Amino acid sequence: QWSEARDLLKQAISSAAVLGGKENDDTRQLLTLADTQLEMAGVLRQLGLYEEELSIYGLVLPTYRKLLDVIPDNPEFREALAFVLLDRAQLFTEMHRSDEANRDLDEATSLIARLTTQFPQVSQYQQELSAALESRGILLHLAGNFSDARAKLQQSIAIYERLALGRPDEP
């Protein structure tokens, strides 16, 4: 079934790319293309085709960056870009490519931190920041940096605890 989904998504991506065109700034078409590419990345993950998944991330990241160029202050696009970076960082971690995972985590964490600063009452952004900190802690642990890993994991846990108590906007 995953192979069939991959074939259908290839067709959908081709159609979306033709409609969107490389120079088109139509937000809906760009978003459709990015969403379809992300679906493809998920299917490729299920099929164990990690290099192909990386190539899809290489396509979807510029699309989200273009969306941010069109509407720079859109929190949904900033969040979507952060999600893609977090997904790719996870894949890089699984592939033991920690330098690349760290680079993506840095950018994703920066994007999410900006969202949590702009919208401290949005618990979803706090959860995403906690997930990014958890990922950083895992990478530090894998690198043998246990004390820094512990600190990042404790920061992540503290955010989850605040959220559980219903206080997302406390420092």
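**Exercise 1. Find E79 in this predicted model and decide: is E79 buried or exposed?**

*Solution.*
Step 1. Begin with the accessibility: E79 has a relative accessible area of 10%.
Step 2. Compare that value with the cut-off, since buried means under 20% relative accessible area. E79 is therefore buried.
Step 3. Place the residue in the fold: E79 belongs to helix α4.
Step 4. Now look at what surrounds E79. Setting aside neighbours within four places in sequence, the contacts of E79 are L115, Q124, Y125 and E128.
Step 5. Finish with a distance. I112 lies 33 residues from E79 in sequence, and their C-alpha atoms are 6.7 Å apart.

**Exercise 2. Work out which helix holds T93 and which residues T93 touches, not counting residues up to four places away in sequence.**

*Solution.*
Step 1. T93 sits in helix α4.
Step 2. The relative accessibility of T93 is 15%, so T93 counts as buried.
Step 3. Beyond residues up to four places away in sequence, T93 touches A101, L139 and L142.
Step 4. Use the helix ranges to place these partners: A101 falls in α5 (98-118), while L139 and L142 fall in α6 (123-142).

**Exercise 3. Move on to H96 and describe its backbone and its setting.**

*Solution.*
Step 1. H96 is part of the loop between α4 and α5.
Step 2. Check the backbone: phi of H96 is near 60°, a positive value in a residue other than glycine.
Step 3. Check the surface: H96 has a relative accessible area of 74%, so H96 is exposed.

**Exercise 4. Compare V43 and V60: where is each one, and what does each one touch?**

*Solution.*
Step 1. V43 is in helix α2, and V60 is in helix α3.
Step 2. Read the accessibilities. V43 has a relative accessible area of 5% and is buried; V60 has 0% and is buried.
Step 3. List the contacts, leaving out residues up to four places away in sequence. V43 touches W2, A5, R6 and L9, whereas V60 touches A34, Q37, L38 and V84.
Step 4. Assign the partners of V43 to a helix: W2, A5, R6 and L9 fall within α1 (2-20).
Step 5. Add the distances between C-alpha atoms. V43 and E53 are 10 residues apart in sequence and 8.5 Å apart in space. V60 and A34 are 26 residues apart in sequence and 5.3 Å apart in space.

**Exercise 5. Find Q11 and say how far Q11 is from D99, C-alpha to C-alpha.**

*Solution.*
Step 1. Look in helix α1, where Q11 is placed.
Step 2. With 53% relative accessibility, Q11 counts as exposed.
Step 3. Go to D99, which is 88 residues away in sequence; the C-alpha atoms of Q11 and D99 are 33 Å apart.

**Exercise 6. Which residues of the largest nonpolar core touch the most other members, and which helix supplies the largest share?**

*Solution.*
Step 1. The largest nonpolar core has 39 residues, and Y57, Y64 and L81 touch the most other members.
Step 2. Trace the sources: α1, α2, α3, α4, α5, α6 and α7 each supply at least two residues of this core.
Step 3. The largest share is 10 residues, and this share comes from α4.
Step 4. Take Y64 as a worked case. Leaving aside neighbours within four places in sequence, Y64 is in contact with L31, A34, D35, L38, F77, A80, L81 and V84.

**Exercise 7. Step back to the whole chain: what is its element order, and why does its radius of gyration agree with a compact globule?**

*Solution.*
Step 1. There are seven helices and zero strands, so to speak an α-α-α-α-α-α-α order from the N terminus.
Step 2. Compare radii: a compact globule of 171 residues would have a radius of gyration near 16 Å, and the protein has 17 Å, which agrees.
Step 3. For the outline, the C-alpha atoms fill a box of roughly 50 × 35 × 25 Å along the principal axes.
Step 4. Count what is hidden: buried residues make up 38% of the 171 residues.
Step 5. Among contacts with a separation of 6 or more, 59% are between residues 24 or more positions apart.
Step 6. Turn to the surface, which comes to about 9600 Å², with 53% belonging to carbon and sulfur atoms.
Step 7. End with charge: the mean positions of the 17 positive and 27 negative charges are 3 Å apart.

Methods. Residues numbered from 1 in each chain as written. Predicted model: local features only at pLDDT ≥ 70, side-chain atom pairs only at ≥ 80, totals over all residues. Heavy atoms only, no water. Rg over C-alpha atoms; globule rule 2.2 N^0.38 Å. Buried < 20%, exposed > 50% of the residue type's maximum accessible area, 1.4 Å probe, protein only. Contact = heavy atoms within 4.5 Å. Areas by Shrake-Rupley, 256 points an atom, 1.4 Å probe, with all protein chains shown as cover. Lys, Arg positive; Asp, Glu negative; His and termini not counted. Charge placed at Lys NZ, Arg CZ, Asp CG, Glu CD. Core = buried A, V, L, I, M, F, W, Y, C linked by side-chain atoms within 4.5 Å.
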